[in-house]
Amino acid sequence: MRRVTVLRRAGAAAVALAVSALTLTACGTGGGGGEDASGKVEGQVTFQTWNLKANFKDYFEGIIKDFERKYPDAQVKWIDQPAEGYPEKLSADAAGGTLPDVVNVSPDLAYPLAKAGLALDLEKAAGKYRGEYLEGAWKSHRMPGLPGVYAFPWYLNTGPMFYNKELFRKAGLDPDKPPTSYDQLFTDAVAMAKKSGRRIAMLAGTPSIEDFGRYGVRLMNARGSEFTFNEPKGVELLRHYKELYAAGALDSQALTAQAESAGRKFAQQSVAMNPGSALDLQNFKRDAPSLYRHIGITDAVNNTGKANMYVQGLMVNAQSKVKPAAVAFAHFVTDKKNQMAFARKVTIFPSTKGSLDDPYFTKEDGTDATRVRVASAKSLKTAVNYTPVLLSDQMKTVLRNAVARAVQGKQSPQAALDGAVAECNRLLKTG
């Protein structure tokens, strides 16, 4: 189950690698040439997944059998690649003209393939299926500067927030009303730090690009050609975090903290809020029973009314020789029935409309898994993917360093973000 639950993985690091490889062979016009996918469903479809065979062999073999039963003239050859080196493998296949017909991608991995004309535009080739998927999920594979959608949305995830009701109570805050907006978060955080004599911080991490998105900051221009998170609203967010840090409302180690250390701080009850999963909840029950008794679950704070969505998709190779069969199979794997079956095997969520209304996602049975599942499913109905597909790992580091300088007072929030935007835009042009 490890592979599927890690939907936040850093695939963006592959963008530069993929682009460099793709430019060797692609004409670079973008948009996926030859969008006509009409015709008989026949021939052999090569289907590539990302480290799924070890845990889900029976599931995928069953889907393939069902598909071949429905379309007797089509066959599917399943290829499963290891997680290590997957982006580089995509780059090599793209450069060598050996890209499979249907490929498991995240939006950041789909972008260079779409830009090079290797990803089929599904708005044109399979637009009739659009209504079957959640709007945010379908849009998640739109690419900046390109006109279409370049993968069928597949499975989704999101991160609920855990909070410590007892720490809220001790700070004079309502334990049944955790903050839902950033203004409320900032007010509650300062109150908690003051009430505890700076011993309890509300948060253990500085803002990432997702936080800027949830705050309502415009991250890129309309064309997707430049980053814009240094706009006044972005500066405002960073100024608030600087104030939190000064007040002791942001953990003293937040500038260097990793997700694991933030989780430990929460388990030790020195931090009041932290993102988590059903697995974390089970660990708290076993290892930190005094915390577990006071756990509350809520959506991550946002000013937009929309949670963050992590999404995987199935891209169809625009150069496939069996395009009708490839589109039919990618749709088959991502249809409501098969996505629902997959969601019952692992902690992921279907991207198809109506699926999240199933009792499996709406009714709790007293277990930790359902507590988190129900909370997450509710927020996913209207969630969006805030992280720009063009934001590479290198750019994330640039932003993280700029945030650290501003929070510490080494640079003004405006200057820090101006510098980060300038460097990210430079990287965007040279990448």
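## Three-stranded sheet

In this predicted model, residue M161 has T298 in β7 as its bridge partner. The pairing of strand β5 (residues 161-164) with β7 is antiparallel and extends over four bridges.

These strands belong to an open sheet of three strands, ordered β6-β5-β7, in which the pairing is antiparallel. Strands β6 (273-275) and β7 (295-298) occupy the edges; each has a single partner strand, so one side of each lacks a neighbour in the sheet. From one strand to the next, the twist averages 30 degrees.

## Five-stranded sheet

A further open sheet contains five strands in the order β2-β1-β3-β8-β4, and its pairing is mixed. The edge positions are held by β2 (74-81) and β4 (152-157), each of which has a single partner strand, so one side of each is left without a neighbour in the sheet. Here the twist averages 20 degrees from one strand to the next.

Strand β1 (residues 43-50) pairs with β2 in the parallel sense, with eight bridges between them. Residue F47 stands opposite W78, which lies in β2.

## Helices on the five-stranded sheet

Helix α3 (residues 53-70) packs on the sheet and touches β1, β2 and β4. The direction of helix α3 makes about 165 degrees with that of β2.

Helix α4 (residues 86-96) lies across β1, β2 and β3 (102-105). Relative to β1, helix α4 runs at about 150 degrees. Strands β1 and β2 thus appear among the contacts of helix α3, and helix α4 likewise lies across β1 and β2.

## Second largest pocket

The volume of the second largest pocket is about 830 Å³. Its lining consists of 32 residues, of which K139, R142, P144, N385 and Y386 are the closest to the pocket centre.

Helix α7 (residues 135-139) supplies the largest share of the lining of the second largest pocket, namely three residues. Classified by residue type, the lining of this pocket comprises 14 nonpolar, 11 polar and seven charged residues.

## Confidence of the model

The average pLDDT of the chain is 89, and 91% of the residues score at least 70. Over residues 1-29, however, the pLDDT is below 50. This stretch nevertheless has 64 contacts in the model beyond near neighbours in sequence. Predicted coordinates should not be read in detail where pLDDT is low.

Notes. Residues are numbered from 1 along each chain as its sequence is written. This is a predicted model: local features need pLDDT of at least 70, side-chain atom pairs count only at pLDDT 80 or more; totals for chains, interfaces and linings use all residues. Side-chain values use heavy atoms; hydrogens and water are left out. On a 1 Å grid over the protein atoms alone, a cavity is a set of points where a 1.4 Å probe fits but cannot get out, and a pocket is an open set with protein on both sides within 12 Å along at least five of seven lines; lining residues have an atom within 4 Å of a point. Grid points are joined across faces, edges and corners, and a volume is the space filled by probe spheres set on the points. Helices (H or I, at least four residues) and strands (E, at least two) are DSSP runs, numbered from the N terminus. Ala, Val, Leu, Ile, Met, Phe, Trp, Tyr, Cys and Pro count as nonpolar, Asp, Glu, Lys and Arg as charged, and the others, Gly among them, as polar. Two strands pair if DSSP finds at least two bridges between them. Axes are lines fitted to C-alpha atoms, for helices over the stretch in contact, and angles run from 0 to 180 degrees between N-to-C directions. Contact means heavy atoms within 4.5 Å. pLDDT is the predictor's confidence in each residue, from 0 to 100.
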